Amino acid sequence: MAGETDLTQLLKTMQPVLREGEYVFCTLPDATQCPPHLDPVGYFKEDEGLTLMLPKSQADTAGLPYTAVFALITLTVHSSLEAVGFMAAIATHLASHGISVNPVSAFYHDHLFVPTKDAERAMALLQSLTDSACSQSPA
């Protein structure tokens, strides 16, 4: 099944879910793979090292430093990796209300890391974006 590409449809059906827990970004310099005792929700290999996105509790247990703590929101609509403007619309809407967002796109869904203090407000703003998309276009 192909993911959705229509921006209006994506905004109308994004169905954000606030996942339990707190998440952090950590880096392991010169690492080529994730240590087996860690179970990140995602990672990315950069020239400077391996960036891990993992539960805060795992980082604390492993003694890994981090600079900020995030909530994780999953947009449950099956979005296409080729959809145009979806993340831009979301990031712009949250930014206009002073909320930073670190988006991660995976095969089926998009995921938003927002500061924990802003999680509930971000959820409300995402709902307002959905409501706006629903009211501006035919069903």
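How many Å² does the accessible surface of the protein come to, and what percentage of that belongs to carbon and sulfur atoms? About 8,000 Å², with carbon and sulfur atoms holding 55% of it. Keep in mind as you look around that this is a predicted model.

**Figure 1. The whole chain, before we zoom in.** Start with the parts list: the protein has four helices and seven strands. Walk along the sequence and you meet them in the order α-β-β-β-β-α-β-α-β-β-α. The C-alpha trace spans about 50 × 35 × 25 Å along its principal axes. Of the 139 residues in the protein, 40% are buried. Now take the contacts with a separation of 6 or more: 69% of them join residues 24 or more positions apart.

**Figure 2. Inside the largest nonpolar core.** Here we look at a core of 22 residues. The members that touch the most other members are M14, L75, F86, I90, L112 and V114. Several elements chip in, with α1 (7-13), β5 (70-75), α3 (86-95), β7 and α4 (119-136) each giving at least two residues. The biggest contributor is α4, which supplies seven residues. As a bit of background, nonpolar side chains tend to be buried together in soluble globular proteins.

**Figure 3. V114 and its neighbours.** Zoom in on one of those well-connected core members, V114. Which residues does V114 touch, if we skip those up to four places away in sequence? They are V69, F70, A71, I73, L94, I99, S100, V101, A119 and A122.

**Figure 4. A second core, separate from the other one.** The protein has another core, and this one has 10 residues. To find this second core in the structure, look for C26, L50, L52 and L64, which are among its members.

**Figure 5. The largest pocket and the residues around it.** This pocket has a volume of about 150 Å³. Its lining is made of R19, V41, G42, Y43, F44, M53, L72, V104, H111 and F113. Two elements, β3 (42-46) and β7 (110-115), give two or more residues each to that lining. Which of the elements gives the most? That would be β3, with three residues. Sort the lining by class and you get seven nonpolar residues, two polar ones and one charged one. You may also recognise β7 from Figure 2, where β7 supplies at least two residues of the largest nonpolar core.

Terms used. Residues are numbered from 1 along each chain as its sequence is written. This is a predicted model: local features need pLDDT of at least 70, side-chain atom pairs count only at pLDDT 80 or more; totals for chains, interfaces and linings use all residues. Side-chain values use heavy atoms; hydrogens and water are left out. On a 1 Å grid over the protein atoms alone, a cavity is a set of points where a 1.4 Å probe fits but cannot get out, and a pocket is an open set with protein on both sides within 12 Å along at least five of seven lines; lining residues have an atom within 4 Å of a point. Grid points are joined across faces, edges and corners, and a volume is the space filled by probe spheres set on the points. Ala, Val, Leu, Ile, Met, Phe, Trp, Tyr, Cys and Pro count as nonpolar, Asp, Glu, Lys and Arg as charged, and the others, Gly among them, as polar. A nonpolar core is a set of buried Ala, Val, Leu, Ile, Met, Phe, Trp, Tyr and Cys residues joined through side-chain atoms within 4.5 Å. Buried means under 20% relative accessible area, exposed over 50%, partly exposed in between (1.4 Å probe, protein chains only). Contact means heavy atoms within 4.5 Å. Accessible areas come from the Shrake-Rupley method with a 1.4 Å probe; for residues, only the protein chains shown count as cover.
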